[in-house]
Amino acid sequence: MFFFGFGCGLPFFLVGQTASIWLRDAGTTLGTIGLISIANWFYVLKFLWAPLLDAQDPPLFARLGRRRGWLLTAHMVLVGALVATALTGPQTSLLGFTALLGLVAFAGATQDTAVDAYRIEIAPVQAQGALVATYSIGYRMGLITGGAGALYVAEFSSWSNAYLAMALLVLIPATAAMLAREPERSAASLARTRMRLADFVDPFREFVRRHGKLLAVVVLVFVGLYKLPDQILGVLAGPFYRDIGFTKADIATVSKLYGVMLGLAGVLAAALAIAAFPLRKLLLVAALGIATTNLLYIVMAVNPGEYWAFVLTISGDNFALGFAGTVLVTYMSSLTSAGYTATQYALLSSLANLPGKAAALFSGFIVENYGYIAFFVASTLSIVPTLLLLWWLWRRIEPAPAKA
């Protein structure tokens, strides 16, 4: 699970902030960078083809079993896509480069889905906590490698070599997939040989029936808007660091190495807080945190090239995001029901990123027309609809953490 987690974390920044820094270095405008972020939408839409991984054996590696076979398929596609991205680059063809980033994201999202299924099926419920923890450590090592590691290679060698190195590292989880044990398949799983319309419809129907139409709609909108300030900011953070004078090595050290560690601290703080405080209060604190820490970027904007401002901003932003992400995951988990847990959670987690990803497409044009400071203020104010929805939901959210 550690190596699978590493594999899942590795490509995430390679189609996000790392790619956006490469694009900025190549002279791409901010507006275009925002539009190119559509490539990582496959992470948002992975629930659309997830039933395929449940119902069909992979075409090339079926002998490994359904779970390991799809994992190795995703790994091979990921290697090929990263190599092609390295050899193409944005300077050759922006359209081709975007398409290749989309293929990287598609393979990465497929890998995520296969790993989640493998983890659930390989061990009993009482072992899942240990597996999730191990996976999470590996995932953050993958984030550091795809963020800080790729930027270090790009700084001291070239962008092409950075992505080639990342392609080589995908062979680590691919080897793990070949050596791992295939989970035993249940009778129900063996009986499924094709996708059914009910696989998509029933989870939605049950969710609406259980919560009621109005509450279901409000909850879905609330989840979708919750991380909006961070999602809007995310795609332009890397180009912003470059525009105010920081090198790729600076960004790697502060944002992708130190920042990931601060995010982990936020996760641990949230885990402790969830055990001690009502969830609805933590949702409020976390929402205010991810919004107001965007204002720290103004400190960086008026102090360009200053390390203290960079460290202060990354500290607040990453800690707040790690805290908020954990609180939101806890809330989303409480919304699912037995029998539909995996599907409903996949839908909720995808929805949690969809509005922000859509808004991020146009974020570059906002900066080009109004400047970074106005953009940071606007991203902070985007939390207002979320707070209004939380006010409406306040008495409908479990007032205290659920007891084991």
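## Terms and model

A residue is buried when its relative accessible area is under 20%, exposed when over 50%, and partly exposed in between, with a 1.4 Å probe and protein chains only. By that rule, Y241 and F310 are both buried.

This is a predicted model, in which local features need pLDDT of at least 70, side-chain atom pairs count only at pLDDT 80 or more, and totals for chains, interfaces and linings use all residues. Numbering runs from 1 along each chain as its sequence is written, and side-chain values use heavy atoms, with hydrogens and water left out.

## Overall fold

The chain has 22 helices and zero strands. These are DSSP runs numbered from the N terminus: H or I of at least four residues for helices, E of at least two for strands. The chain has 404 residues, and 53% of them count as buried.

A contact means heavy atoms within 4.5 Å. Among contacts in the chain with a separation of 6 or more, 83% come from residues 24 or more positions apart. The exposed surface is about 17300 Å², with 70% of it from carbon and sulfur atoms. Accessible areas follow the Shrake-Rupley method with a 1.4 Å probe; for residues, only the protein chains shown count as cover.

## Helix α2 and Q17

Helix α2 covers residues 17-25 and includes Q17. It is mostly covered, with seven of its nine residues buried. They are Q17, T18, A19, S20, I21, W22 and L23. G27 follows α2 and has a positive phi, near 90°.

Q17 counts as buried because its relative accessibility is 16%. Its side chain makes a polar contact of 2.4 Å with that of K256. A polar contact is a pair of N or O atoms within 3.5 Å; within protein, one must be able to donate a hydrogen and the other to accept it, and residues adjacent in sequence count only if both atoms are side-chain atoms. Leaving aside residues up to four places away in sequence, Q17 touches G234, A237, G238, Y241, S255 and K256.

## Aromatic pairs

The structure holds 22 aromatic pairs. Rings of Phe, Tyr and Trp (its six-membered ring) pair if their centres lie within 6.5 Å; planes under 30 degrees apart are stacked, over 60 edge-to-face, and the rest tilted. F12 and Y43 pair edge-to-face, at 5.4 Å centre to centre and 70° between the planes. F12 is in helix α1 (residues 2-14) and Y43 is in the loop between α3 (30-36) and α4 (50-55), so the pair ties together parts 31 residues apart in sequence. F12 is partly exposed at 32%. Y43 counts as buried at 9%.

Y241 and F310 form a tilted pair, because their ring centres are 4.9 Å apart and their planes meet at 45°. This pair links helix α13 (residues 228-243), which holds Y241, to helix α17 (residues 307-335), which holds F310; the two residues are 69 apart. Both belong to a cluster of ring pairs, with F240, F246, Y297, Y307, Y372, F375 and F376.

## Charges over rings

A charge sits over a ring if NZ of Lys or CZ of Arg is within 6 Å of the ring centre and within 35 degrees of the ring normal. K256 lies over the face of F13, 4.1 Å from the ring centre. R396 lies over the face of W392, at 3.8 Å.

## Helix α12

Helix α12 (residues 213-225) has 13 residues. The expected span is 1.5 Å times one less than the number of residues. That gives 18 Å, which agrees with the 19 Å between its end C-alpha atoms. Its buried residues are A216, V218, V219, F222, V223, G224 and L225.
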